[in-house]
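Open the model in your viewer and keep the selection panel at hand. Take the stops below in order.

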Protein chains: 2
Amino acid sequence: MNKGAQTQATILNHAVAMAGVHGLDGMSIARLARATGMSKSGLFGHFGSKVALQRAVLEAAAKEFVRRVLIPAQQERTGEARLRALFHHWLQWLYAEERPGGCPLVSASIEFADRPGEVHDYLVDQQEAWVDRIRRMSQKAVAEGNFREGLDTRQFAFEFHSIGLGFNFARRLFSDSKALTHANTALDQLIDAAKRSRQPRLATRPALPQRVYGAHEG
Amino acid sequence: MNKGAQTQATILNHAVAMAGVHGLDGMSIARLARATGMSKSGLFGHFGSKVALQRAVLEAAAKEFVRRVLIPAQQERTGEARLRALFHHWLQWLYAEERPGGCPLVSASIEFADRPGEVHDYLVDQQEAWVDRIRRMSQKAVAEGNFREGLDTRQFAFEFHSIGLGFNFARRLFSDSKALTHANTALDQLIDAAKRSRQPRLATRPALPQRVYGAHEG
DNA sequence: GCTAAAATCGTACGAACGTTCGCATACTTC
DNA sequence: GAAGTATGCGAACGTTCGTACGATTTTAGC
């Protein structure tokens with residue numbers, strides 16, 4: 001390993017942590033230099049621009065995400081087991097004690113949701129790939145005959161993803177110690193529902209018109 | 001209405017929009033002054049400090065949230081109808097076309113999740129109150145005999161909240177036009193499940209040890 | 001219409017920001 | 001060990017940041 005790559009890795013470790021707490025924009029090169037014991041210019045030289053540094057931070061986080069969430073789940077054989085493993089490791093990843101600031105990818109996604117640019121585009125691709133992986137894994141469970149035929153896998157992926165986001169929010173902002181239990185329970189229910197043949201809807205229907213808001217959509 | 005209060009309201013309108021896109025920190029007084037056609041110092045005088053401005057932005061957003069989400073839902077009589085109305089208006093609020101940047105409260109909650117201070121504390125209180133309102137409303141539905149006896153209302157509130165966060169993420173980052181349908185479907189299922197007597201768990205249990213991660217918790 | 005108060009402005013400050021550049025030191029490779 | 005390159009530093013640039021203060025204009029109450 002080159003000297004350069006080595007210090008670059010050190011920098012990125014600190015950078016990921018700082019970006020998690022202060023955001024990708026709030027992470028400043030000066031403070032990062034102080035944290036790593038380097039000079040501003042020396043650190044800067046490794047990346048050439050702040051945007052490039054932000055990109056590098058996201059790529060480092062994504063790489064870590066693969067290593068800690070995706071790879072371990074691939075040991076499982078069935079779709080359901082992989083989904084459970086993905087979920088399990090994802091929660092661990094979302095709330096890793098040693099990394100303050102939670103998942104940098106989720107935080108940055110909120111931060112850059114409405115700010116066009118390469119950071120935004122990168123995040124969209126990365127997060128869409130993640131949700132699509134969940135969807136494909138549920139599709140695999142359907143193909144295996146474990147989840148019911150005709151399951152709406154996009155819907156499944158949406159709910160799976162939502163539970164994780166809910167956990168992230170509750171655990172980080174509320175410091176809710178029950179968040180883990182809630183998330184696991186929600187996943188159990190989601191998977192159970194995916195197995196069951198479709199339930200007949202109950203007779204009672206809501207009095208409120210439901211989708212007026214979305215009426216303009218296709 | 002005083003002149004002061006009037007311009008202050010104008011400022012806050014712009015400020016809420018800017019904070020939604022650039023974050024509470026990314027919102028700068030200079031750019032805000034340019035957007036409102038005022039001088040930096042003139043604008044600054046209305047608040048006295050940037051933290052105070054941030055507080056004012058959050059309070060303005062919270063007030064608007066009450067006006068647009070909580071109040072309308074109070075017209076409904078039953079717990080379920082109120083829950084559905086809360087959800088409906090919440091989604092509208094989360095993705096209001098005229099307000100770029102999504103819900104400032106959610107964005108700021110992520111931004112300040114790990115940054116102690118009065119902004120953090122305010123957000124914790126506000127968001128906890130919101131989730132607790134959902135919980136109380138589901139409790140009301142239980143008391144009315146609509147939701148089943150013994151329903152875990154904290155769990156219900158967690159899932160309700162998660163769906164909203166999932167919608168916010170999908171709609172804003174992915175520009176997913178199906179997000180609204182997914183969210184509504186998820187809510188329907190959540191409410192249906194709250195009505196049903198507890199389902200017997202299916203025989204198949206996961207092979208993966210499920211809660212190792214949370215084993216250290218109480 | 002006068003006057004006290006409120007609102008707004010212009011200017012300035014020190015700090016922090018991202019970035020540049022030339023120079024020194026440390027590595028690698030032969 | 002010499003040559004050549006990679007790496008890091010220090011100082012400085014121009015810009016933007018939040019904030020302060022006195023002067024000036026605009027509003028509100030009598």
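The tour goes from one chain to the contact between chains, then to the DNA, and ends with some helices of chain B. Keep in mind that this is a predicted model.

**Stop 1: chain A alone**

Select chain A and show it as a cartoon. You will find 9 helices and 0 strands. Followed along the sequence, the pattern is α-α-α-α-α-α-α-α-α. Chain A has 218 residues, and 38% of them are buried. Now think about contacts in chain A with a separation of 6 or more: 60% of these join residues 24 or more positions apart.

**Stop 2: chain A against chain B**

Add chain B. How many residues does each chain give to the contact? Chain A gives 63 residues and chain B gives 62 residues. On the side of chain A that touches chain B, at least two residues come from each of H1 (3-26), H5 (79-94), H6 (104-111), H7 (118-143), H8 (153-172) and H9 (179-195). Colour H8(A) next, since the largest share of this side, 12 residues, comes from that helix. Colouring the side of chain A by class gives 24 nonpolar, 22 polar and 17 charged residues.

**Stop 3: DNA strand D**

Select DNA strand D and the 22 residues around it. Which of them come nearest? They are Gly4(A), Ser41(A), Gly42(A), Ser28(B) and Ala30(B). Two or more residues of this surface come from each of these elements: H1 and H3 (40-44) in chain A, and H2 (29-36) and H3 (40-44) in chain B. The surface near DNA strand D has 4 nonpolar, 12 polar and 6 charged residues.

**Stop 4: DNA strand C**

Move to DNA strand C, which is surrounded by 22 residues. Label the closest: Ser28(A), Ala30(A), Gly4(B), Ser41(B) and Gly42(B). Here H2 (29-36) and H3 of chain A, and H1 (3-26) and H3 of chain B, each supply at least two residues. The classes near DNA strand C are 4 nonpolar, 12 polar and 6 charged.

**Stop 5: H1(B) and H2(B)**

Hide the rest and keep H1(B) and H2(B). Their axes are 10 Å apart, and the packing angle is about 125°. The two helices are therefore oblique to each other, and their crossing is right-handed. Show side chains for the contact: Thr10(B), Ile11(B), His14(B), Ala15(B) and Met18(B) from H1(B), with Arg31(B), Leu32(B), Ala35(B) and Thr36(B) from H2(B). By class, these are 5 nonpolar, 3 polar and 1 charged.

**Stop 6: H8(B) and H9(B)**

Select residues 153-172 and 179-195 of chain B, which are H8 and H9. The angle between them is about 170° and their axes lie 9 Å apart. Angles over 145 degrees count as roughly antiparallel, so H8(B) is roughly antiparallel to H9(B). Residues of H8(B) in the contact include Phe156(B), Phe160(B), Ile163(B) and Phe167(B), and those of H9(B) include Ala183(B), Leu187(B) and Leu190(B). This contact has 11 nonpolar, 1 polar and 2 charged residues.

**Stop 7: H6(B)**

Finish at residues 104-111 of chain B, which form H6. Is this helix mostly covered or mostly uncovered? H6(B) is mostly covered, with 8 of its 8 residues buried. Pro104(B), Ser107(B) and Glu111(B) are among the buried residues.

Conventions: Residues are numbered from 1 along each chain as its sequence is written. Chains are lettered from A and ligands numbered from 1 in the order in which they are written. This is a predicted model: local features need pLDDT of at least 70, side-chain atom pairs count only at pLDDT 80 or more; totals for chains, interfaces and linings use all residues. Two residues are in contact if their C-beta atoms, placed from the backbone, lie within 7 Å. Helices (H or I, at least four residues) and strands (E, at least two) are DSSP runs, numbered from the N terminus. Ala, Val, Leu, Ile, Met, Phe, Trp, Tyr, Cys and Pro count as nonpolar, Asp, Glu, Lys and Arg as charged, and the others, Gly among them, as polar. A residue is near a molecule or strand if its C-beta atom, placed from the backbone, lies within 6 Å of it. Axes are lines fitted to C-alpha atoms, for helices over the stretch in contact, and angles run from 0 to 180 degrees between N-to-C directions. Angles under 35 degrees count as roughly parallel, over 145 as roughly antiparallel, 65 to 115 as roughly perpendicular and the rest as oblique. A residue is buried if 20 or more other C-beta atoms lie within 10 Å of its own, exposed if 12 or fewer, and partly exposed in between; C-beta atoms are placed from the backbone. A crossing is left-handed if the near helix is turned anticlockwise from the far one by less than a right angle, and right-handed if clockwise.
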